[in-house]
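Q: Please take a close look at the charged side-chain pairs within the helices of this structure. Please then describe the surrounding helix packing and the notable loop residues in one connected account.

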Amino acid sequence: MNVCILMGSPRKQGNTAALLVPFCEELRKGGAEVETYWLYDLEIRPCTACRACQKDWTVFGCAQKDDAGFLFDRIIASDLIVLATPIYSWYCTPPMKALMDRMVYGMNKYYGEEKGPSLWAGKSLALLETCGYRPEKGCDLFEEGVRRYCKHSALKYLGSHAERHLGYGTVFMDGDKESRTREFARRLLKEEM
C-alpha cells in the first residue's frame, strides 16, 4: 500500500508532526510505503477558476505551474491519501485548503462543457488532526467538509483521528495519544489491505 501524507503544519516539531511519528511507524510496520509532503515547503497557489483543467480529461491540466502538479502525480500513485493538519479557525491550514481547491477541480472533470470522470475515484482518504478545542467541537466542521469532498470526488472516506492540545504550558504528546494514533494507523491498514 502506498500512502501519501499531505502535511499541512508549518511547524516541523509541532503537535501534528509529533502525531505523525507513531502514525508513520505503525503504517510502515504494517508494510505500507509512506511519503510525507510538507505543504508549507512547496509552492501551492490558490485556484483562479480559469477551468483550464477541464479541457483534458486524462491529466491534472492546471494552467498554473507550481507544485500542485507534482502533488497530483504523488496522489495518483497512492492508495491512501492522509490529510494531516492542525485546525486553525475550524478548518485546515491555508496551503492545504489551496491544494484541496486545486485538486477538486483538477481531479474531477465535472466543470466543463460536459461532465467527465473523477481521476481519483476509488482512492481512500483519512484525516489526522490536532486542535485546541475538544475534537468534536474543533475538528467537526473540517471533517464534515472532507466527507462532502470525498462524496463529490468518489473517494472512500476512512475516518478521522484528532488529538487535543490543552495549551502552550502543557506537553502535547503522551502515551495515550501515541496509543490512539497507532490504533488509528492499524485500522487504516486493516481497511486497505
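A: E26 is buried, at a relative accessible area of 4% (buried is under 20%, exposed over 50% and partly exposed in between, with a 1.4 Å probe and protein chains only). The model is a predicted one, in which local features need pLDDT of at least 70 and side-chain atom pairs count only at pLDDT 80 or more, while totals for chains, interfaces and linings use all residues. Residues are numbered from 1 along each chain as its sequence is written, and side-chain values use heavy atoms, with hydrogens and water left out.

The partner of E26 is K29, and the closest N and O atoms of this salt bridge are 3.5 Å apart (a side-chain nitrogen of Lys or Arg within 4 Å of a carboxyl oxygen of Asp or Glu). In contrast to the buried E26, K29 is exposed, with a relative accessible area of 66%. The two lie 3 residues apart in helix α1 (residues 15–29), so about one helical turn separates them; helices (H or I, at least four residues) and strands (E, at least two) are DSSP runs, numbered from the N terminus.

A comparable spacing occurs in helix α6 (residues 175–192), where E183 and R186 are 3 residues apart and therefore separated by about one helical turn. E183 is partly exposed at 43% relative accessibility, and R186 is partly exposed at 35%. Salt bridges with shared partners link E25, E26, K29, E178, R182, E183 and R186 into one network. Within it, the closest N and O atoms of E183 and R186 are 2.9 Å apart. The whole structure holds 16 salt bridges.

Another of these joins R148 to E144, with a closest N to O distance of 3.0 Å. These residues are 4 apart in helix α5, again about one helical turn. R148 is exposed at 59% relative accessibility, whereas E144 is partly exposed at 33%.

Helix α5 (residues 140–153) also packs against α3: their axes come within 11 Å and cross at roughly 20°. Axes are lines fitted to C-alpha atoms, for helices over the stretch in contact, and angles run from 0 to 180 degrees between N-to-C directions. The two helices are therefore roughly parallel (under 35 degrees; over 145 is roughly antiparallel, 65 to 115 roughly perpendicular and the rest oblique). Helix α2 (residues 68–76) meets α3 at about 70°, with the axes 11 Å apart. That angle makes α2 roughly perpendicular to α3.

The loops add further detail. After helix α5, A154 sits in the loop that leads to β5 (156–164). Its phi is near 65°, a positive value in a residue other than glycine; most residues other than glycine have a negative phi. A154 is partly exposed, at 38% relative accessibility.

W90, in the loop between β3 (80–86) and α3 (94–106), likewise has a positive phi, near 70°. W90 is partly exposed, with a relative accessible area of 38%. By contrast, W120 is buried at 2%; it lies in the loop between α3 and β4 (124–131). W120 and D79 are 41 residues apart in sequence, and their C-alpha atoms are 9.7 Å apart in space.
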